[in-house]
Amino acid sequence: MHKFVKFLICATVALPFGQWAKAQVSGVIDYEVTMEVERRGGPGGGGFGGGGQGGGEEGAPPQVMNFTQHFTFNASMGKVDVERPNFGRGGNFQPPFTNTTYVNVVNKKVLQAVTEREGDKKTYYTEDNFVTPISVDTSSTKTKKIAGYNCKKAIVKQRNENYTVWYTTELGINYSPVNGLLPGNGVVLSAESDKRSFVATKVSLKPVEDSTIALPAGAEKITDEEMREKRHTAMEKMREQFQQQQ
């Protein structure tokens, strides 16, 4: 028998399945997300753009959104996919680009990418470091299990919000669904503030190929200012198309 095959058989016998699974640094984390969004008008009414019909009244209570977010990862990279609810009228209005977040879990960098829906469908991206929290309190000795993993508690301040964070060091990577909430090393499986929450409901360990979570071939790195300009131009184009159909 080939020596490598013998090694695999011995390793499988020596390690209980649970320990073998946790040693595998790749898979998918499913998060249930809840957040408050200010009511604004725009294409689709109650959406996220300014102006247009359907604008909310001043002082109206915020709209609560619920959706699922998936983080697919391996030992080097990760990709975020979001299942957002459709707030458009009949789903007729789509932004002229798609947004995708990639994460370099080794070098602790977040890559925000946009891909054009029309033309040459080119991808542009920006790259930023993991944000350091304003303050972190890890003095609590409380622990609990989330999605099968032992988590420690921390209180983390990001911008003007305080989050109760539960994080684990058992997954072998560094990641937070919100940049700026990682207390140190590990993966944030729950983060809750007064306005939003991200709670992991399932962690599925399985092989993940680099090609499925890599930036599209030919992606061009640009500055934050250039990205803002591209987004602004694209949203203006979408508003014009919306107004022409009124």
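Q: How many helices and strands does the protein chain have?
A: The secondary structure comes to 3 helices and 13 strands. Keep in mind that this is a predicted model.

Q: OK, and what share of the residues is buried?
A: Buried residues make up 37% of the 246 in the protein chain.

Q: Let's look at H3. What span should that helix have, and what does the model give?
A: H3 covers residues 224-244, so that's 21 residues, and at 1.5 Å a residue they should span 30 Å. The C-alpha atoms at its ends are 31 Å apart, which agrees.

Q: Which residues of H3 are buried?
A: Met-227, Ala-234, Met-238 and Phe-242. They cover an arc of only 85° around the axis, so they sit on the same side of H3.

Q: What do those buried residues pack against?
A: Three strands: E4 (97-104), E5 (109-116) and E6 (123-129).

Q: And what's on the face turned away from the buried side?
A: That face of H3 carries Arg-228, Gln-243 and Gln-244, which are exposed.

Q: Switching to pockets: how much space lies in the second largest one?
A: About 280 Å³. It's lined by 14 residues, and the closest to its centre are Pro-96, Phe-97, Glu-116, Lys-230 and Ala-234.

Q: Which element gives the largest share of that lining?
A: H3 again, with 5 residues. E5 also supplies at least two.

Q: Last one: how much surface does the whole chain expose?
A: About 14,500 Å², with carbon and sulfur atoms supplying 49% of it.

Conventions:
Residues are numbered from 1 along each chain as its sequence is written. This is a predicted model: local features need pLDDT of at least 70, side-chain atom pairs count only at pLDDT 80 or more; totals for chains, interfaces and linings use all residues. Side-chain values use heavy atoms; hydrogens and water are left out. Helices (H or I, at least four residues) and strands (E, at least two) are DSSP runs, numbered from the N terminus. The expected span of a helix is 1.5 Å times one less than its number of residues. Buried means under 20% relative accessible area, exposed over 50%, partly exposed in between (1.4 Å probe, protein chains only). The arc is that of the directions from the helix axis to the C-beta atoms. Contact means heavy atoms within 4.5 Å. Accessible areas come from the Shrake-Rupley method with a 1.4 Å probe; for residues, only the protein chains shown count as cover. On a 1 Å grid over the protein atoms alone, a cavity is a set of points where a 1.4 Å probe fits but cannot get out, and a pocket is an open set with protein on both sides within 12 Å along at least five of seven lines; lining residues have an atom within 4 Å of a point. Grid points are joined across faces, edges and corners, and a volume is the space filled by probe spheres set on the points.
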